[in-house]
Amino acid sequence: MPRPPRFTQEEVAVAAFDIVRGGGEESLTARSLAEKLGCSVKPIFGLFDTMDEVLNLQKEGREKRHAAEQELQSIEGALRQKLLEIRK
């Protein structure tokens, strides 16, 4: 029976995001990711066929995070405006 994966794709993507944030896309390698996760490269390639897949998932997560931050800023601005109106 095969061993269950040590990590989820999401956990790998978060580690990839941290690496890219700290050193840019060129710093994301299978070895740097394995080091960040505390494993060999084998568990990574058990979840992904290529590092491009890891990079793409990391980019998707980064874009979703950016969109969520934009939405939060918009909501905070609207809330701030409502509070100022209430003060009047």
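This report describes a predicted model of one protein chain, moving from its overall form to its core, its salt bridges and its surface.

## Overall form

The protein chain contains four helices and zero strands, and when it is read along the sequence the pattern that appears is α-α-α-α. The helices are helix 1, which covers residues 9-23, helix 2, which covers residues 30-37, helix 3, which covers residues 42-47, and helix 4, which covers residues 51-87.

The radius of gyration of the protein chain is 19 Å, whereas a compact globule of 88 residues would have a value near 12 Å. Taken along the principal axes, the box filled by the C-alpha atoms is roughly 65 × 35 × 20 Å. Of the 88 residues, 24% count as buried, and the accessible surface of the chain comes to about 6800 Å², with 54% of this area belonging to carbon and sulfur atoms. If one takes the contacts between residues at least 6 apart in sequence, 50% of them join residues at least 24 apart.

## The nonpolar core

The largest nonpolar core of the model has 17 residues, and those with the most contacts inside it are V12, L28, L33, L37, I44, M51 and V54. Helix 1, helix 2 and helix 4 each supply at least two residues of this core, and the largest share, five residues, comes from helix 1. V12 gives an example of how such a residue is surrounded: leaving aside residues up to four places away in sequence, V12 touches F7, L33, L37, L47, F48 and V54.

A15 is another residue to follow in the structure, and A15 is found in helix 1. With a relative accessible area of 7%, A15 falls under the 20% limit and is therefore buried. Not counting residues up to four places away in sequence, A15 touches L33, K36 and L37. The C-alpha atoms of A15 and E35 are 9.9 Å apart in space, although these two residues are 20 residues apart in sequence.

## Helix 2 and its cover

Helix 2 has several buried residues, namely A30, S32, L33, A34 and L37. What covers these buried residues includes helix 1, helix 3 and helix 4. Just after helix 2 comes G38, which takes a positive phi of about 75°.

## Salt bridges

The count of salt bridges in the model comes to four, and three of the residues involved, D18, R21 and K36, are linked in a network. Within this network, R21 forms a salt bridge with D18, where the closest N and O atoms are 3.0 Å apart. Because R21 and D18 are three residues apart in helix 1, they are separated by about one helical turn. D18 also forms a salt bridge with K36, and here the closest N and O atoms are 3.8 Å apart. This second pair links distant parts of the chain, since D18 lies in helix 1 and K36 lies in helix 2, 18 residues apart. The three residues can also be described by their accessibility: R21 is exposed, with a relative accessible area of 53%, whereas D18 is partly exposed at 27% and K36 is partly exposed at 47%.

A further salt bridge joins the side chains of E69 and R65, with a distance of 3.2 Å from N to O. Both residues lie in helix 4, where they are four residues apart, which is about one turn of the helix. E69 is partly exposed, with 39% relative accessibility, and R65 is also partly exposed, with a relative accessible area of 40%.

## A nonpolar patch on the surface

Which residues form a nonpolar patch on the surface? The patch is made of L79, L83 and I86, and together these residues have about 330 Å² of accessible area. L83 is found in helix 4, and with a relative accessibility of 48% L83 counts as partly exposed. This value lies between the limits of 20% and 50%, so L83 is classed as neither buried nor exposed.

How values were computed. Residues are numbered from 1 along each chain as its sequence is written. This is a predicted model: local features need pLDDT of at least 70, side-chain atom pairs count only at pLDDT 80 or more; totals for chains, interfaces and linings use all residues. Side-chain values use heavy atoms; hydrogens and water are left out. Patches are made of residues with over 30% relative accessible area and no salt bridge: like charges are joined within 9 Å, nonpolar side chains (Val, Leu, Ile, Met, Phe, Trp, Tyr) within 5 Å. Accessible areas come from the Shrake-Rupley method with a 1.4 Å probe; for residues, only the protein chains shown count as cover. Buried means under 20% relative accessible area, exposed over 50%, partly exposed in between (1.4 Å probe, protein chains only). The radius of gyration is taken over C-alpha atoms; the globule rule is 2.2 Å times the number of residues to the power 0.38. Contact means heavy atoms within 4.5 Å. A nonpolar core is a set of buried Ala, Val, Leu, Ile, Met, Phe, Trp, Tyr and Cys residues joined through side-chain atoms within 4.5 Å.
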